[in-house]
There are 2 protein chains.
Amino acid sequence: MFGIGDLSRATEVKVPTIRYYEEIGLLPAPVRTASNRRRYPPEAVQRLRFIRHARELGFDISAIRDLLSLKTDDGPSCHQADAIARAHLEQIDRRIERLSALRDEIGQMLADCASRACDDQCRVLEVLSDHGHCRHREH
Amino acid sequence: MFGIGDLSRATEVKVPTIRYYEEIGLLPAPVRTASNRRRYPPEAVQRLRFIRHARELGFDISAIRDLLSLKTDDGPSCHQADAIARAHLEQIDRRIERLSALRDEIGQMLADCASRACDDQCRVLEVLSDHGHCRHREH
DNA sequence: GCTATAATCTCTAGTCACTAGAGCATCAAG
DNA sequence: CTTGATGCTCTAGTGACTAGAGATTATAGC
């Protein structure tokens, strides 16, 4: 049986975060000692590691909730888990694309600025002022 | 002179967001009509477009505040603007790298799952449970 | 047994950048 | 003159925590 601090060290999830997860029902409320302290069973480490790892991979809490419910369900849950992960992968791809576009634009902006020796007006501020300079096309 | 709706249409920034920007001091409080409605001068369009464009590029509000103060300052502000943009660029690069690592890991996870025909245990859930399967190295 | 310090508890409020909604006043068009 | 759009203020909600106050309890050294 673990105290909350032990659980925190074992999973590298901060203590207040563990309590928060309990509050939102992501982690089941554990038993308490006579002095009202949380005592966790070993399974809590597994579950919390799962949560942490999924969070690190960028899954949001509701997706993790879905994944956790698939875990406890028995039966053919793999396709659902697969679908969730796949949707998430697509989201990541979109984020990467978008960030790359931003990267290019800011890079271009900086290059323009450098080439003009920055004498009169600042190119960075100019570009930001005028959306017409912008090269990305979405929304 | 514009009403808030006109300003919203001209800049594609939503009305409540404009009011929010005023509240946090990003956009100066405009004059009001006798009936208490906001009336914006043409310069507001410029400023709000600047803000919107910078937000789209992922600058956070405090960075935009810095950039705006550079704009109104006269004198050699280009190097500072450049430094802000450059720091931002580095941040974006780091985000892209991190996302790419996540992408690879999730992609690998899905590939593993597909190759195993998903009969017994789901690979996706397994990988998420066990951080040891993880291939990214930071933090 | 005593004391110091570390860990734990609950509760509230703050973060960021908005978004949503209530409930009211006012404006422009037909 | 009525209708519907637009505007106003104010409060609260979002997501995923984080920070702090103030109280209690556990542990280690003496």
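**The protein surface around DNA strand D**

Among the 16 residues around DNA strand D, those that come nearest are Tyr21(A), Ser35(A), Asp60(A), Gly5(B) and Arg19(B). The model is a predicted one, and the account below begins at this surface before turning to the fold of chain A.

Two helices each contribute at least two residues to the surface near DNA strand D: α2 of chain A, which covers 15-23, and α1 of chain B, which covers 4-11. The largest share, three residues, is that of α2(A). Sorted by class, the surface near DNA strand D comprises eight charged residues, four polar residues and four nonpolar residues.

Which parts of DNA strand D supply the atoms within 4 Å of the protein? Sugar or phosphate accounts for 83% of these atoms, and bases provide the rest. Individual polar contacts to phosphate oxygens can be named from both chains. In chain A, an N or O atom in the side chain of Lys14(A) is 3.5 Å from a phosphate oxygen of DNA strand D. In chain B, the side chain of Arg32(B) places an N or O atom 3.1 Å from a phosphate oxygen of the strand, whereas Arg38(B) uses a backbone N or O atom, at 2.9 Å from a phosphate oxygen.

Chain A itself contains six helices and two strands, arranged along the sequence as α-α-β-β-α-α-α-α. Its 139 residues include 42% that count as buried. Of the contacts in chain A with a separation of 6 or more, 48% join residues 24 or more positions apart. The chain exposes about 7,800 Å², of which carbon and sulfur atoms supply 48%.

Key:
Residues are numbered from 1 along each chain as its sequence is written. Chains are lettered from A and ligands numbered from 1 in the order in which they are written. This is a predicted model: local features need pLDDT of at least 70, side-chain atom pairs count only at pLDDT 80 or more; totals for chains, interfaces and linings use all residues. Side-chain values use heavy atoms; hydrogens and water are left out. Helices (H or I, at least four residues) and strands (E, at least two) are DSSP runs, numbered from the N terminus. Buried means under 20% relative accessible area, exposed over 50%, partly exposed in between (1.4 Å probe, protein chains only). Contact means heavy atoms within 4.5 Å. Accessible areas come from the Shrake-Rupley method with a 1.4 Å probe; for residues, only the protein chains shown count as cover. A residue is near a molecule or strand if one of its heavy atoms lies within 4 Å of it. A polar contact is a pair of N or O atoms within 3.5 Å; within protein, one must be able to donate a hydrogen and the other to accept it, and residues adjacent in sequence count only if both atoms are side-chain atoms. Ala, Val, Leu, Ile, Met, Phe, Trp, Tyr, Cys and Pro count as nonpolar, Asp, Glu, Lys and Arg as charged, and the others, Gly among them, as polar.
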